[in-house]
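Hi everyone, thanks for coming. I'd like to walk you through a structure that is probably new to most of you, so let's bring it up on the screen.

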Amino acid sequence: VFTTSCAPETMPWSENFDQNALSTCWNRYSGDFASGVMTTTTSGWSRSSSNHNAINPDGYDVYFNIYSTNKYTLVTPSISISSAAAVLTFDVFGCLYSSYSSTFDADDRFIVAVSADGGTTWTPHYMMGSDTSRDDMPMADLTATGTTVTVPLIGYEGQTVRIAFYAGSYASGGDNYIAIDN
C-alpha cells in the first residue's frame, strides 16, 4: 500500500471529530508515555457519539476508557505554528464507566504534551492527576459537563509541532471515561 505523509495543518486549525473516522494523520499509541516506551496501535482512544452523548451533547468526541493499568496516547497531525500567541483550546470530559458522575483514582493521569521534533521528545504543557504540587487540575475535578482547557503554545512560533493527549492508570481499579473535543 502506497501512502504519502500528511502535510502540516496550518493555523487556525480545528478538529471537532465530526468526520466518519479519525484522519489517518492522527496516531494512537499504547504504553507508558512517561517512560517513552510506546507502540503503535489501533485501539485505546476512539471516536464516538453514541456512548458519550450525556458527556458531550453537541456531537462526536474521542474518548478513552481508563481501567486496569491501560495507558494510551492520541497524537495530532503535524501543525505549523505561525504565531507567538498560538494556543491549544479543547474541552475535556470525564465520568464513571457506569454513570455520569466521576470518581477518578489517585493513580489516573491525563497529560497534554508538545513535540517540535516529530515525536522524538515531548514537553508536558498540561497535566491532570492527584499531585496538587505538580498538576494543573486534579482529576477529581473533571466532570461529565466538561471543562475548557487553554494551553499557551509559547516558544513554538515558526515550528511544526505534534500534540499528544495521554491518559492512563498506574494501578488496577477504577473504570472511567475521559473524552476530548473541539
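Let's begin with N182: is this residue buried, exposed or partly exposed? N182 has a relative accessibility of 37%, and because partly exposed covers what lies between under 20% for buried and over 50% for exposed, N182 counts as partly exposed. Please keep in mind as we go that this is a predicted model. You'll find N182 in the segment after strand 14. Its backbone deserves a look too: phi of N182 is near 60°, a positive value in a residue other than glycine.

S68 makes a nice companion to that. Phi of S68 is near 55°, again a positive value in a residue that isn't glycine. S68 belongs to the loop between strand 5 and strand 6, the latter being residues 71–75. With a relative accessibility of 29%, S68 counts as partly exposed.

Now back to strand 14, residues 175–181. How many of its seven residues are buried? Six are, so the strand is mostly covered. Strand 14 runs antiparallel to strand 5, residues 61–67, and six bridges join the two. If you'd like one position to look for, Y67 stands opposite D175 in strand 14.

Let's zoom out to the protein chain. It has 14 strands and zero helices, and reading along the sequence you meet β after β throughout the pattern. Of the 182 residues, 42% are buried. Among contacts with a separation of 6 or more, 75% are between residues 24 or more positions apart. The chain exposes about 8,900 Å², with carbon and sulfur atoms supplying 49% of that area.

Next, the largest pocket, which holds about 270 Å³ of space. Strand 8 (87–96), strand 13 (160–169) and strand 14 are the elements that each give two or more residues to its lining. Which strand gives the most? That is strand 8, with four residues. In total, 20 residues line the pocket, and W13, E15, L88, T89 and N182 lie nearest its centre. So there is our opening residue, N182, once more. By class, the lining has 14 nonpolar, four polar and two charged residues.

One last stop, at a proline. The peptide bond from M11 to P12 is cis, with omega near -10°. P12 is in the loop between strand 1 (9–10) and strand 2 (27–32).

That's my tour, thanks for listening!

Key: Residues numbered from 1 in each chain as written. Predicted model: local features only at pLDDT ≥ 70, side-chain atom pairs only at ≥ 80, totals over all residues. Heavy atoms only, no water. Buried < 20%, exposed > 50% of the residue type's maximum accessible area, 1.4 Å probe, protein only. Pairing = 2+ DSSP bridges. Contact = heavy atoms within 4.5 Å. Areas by Shrake-Rupley, 256 points an atom, 1.4 Å probe, with all protein chains shown as cover. 1 Å grid on protein atoms, 1.4 Å probe; cavity = no way out; pocket = protein on both sides within 12 Å on 5 of 7 lines; lining within 4 Å. Points joined across faces, edges and corners; volume = space filled by probe spheres on them. Nonpolar A, V, L, I, M, F, W, Y, C, P; charged D, E, K, R; others polar.
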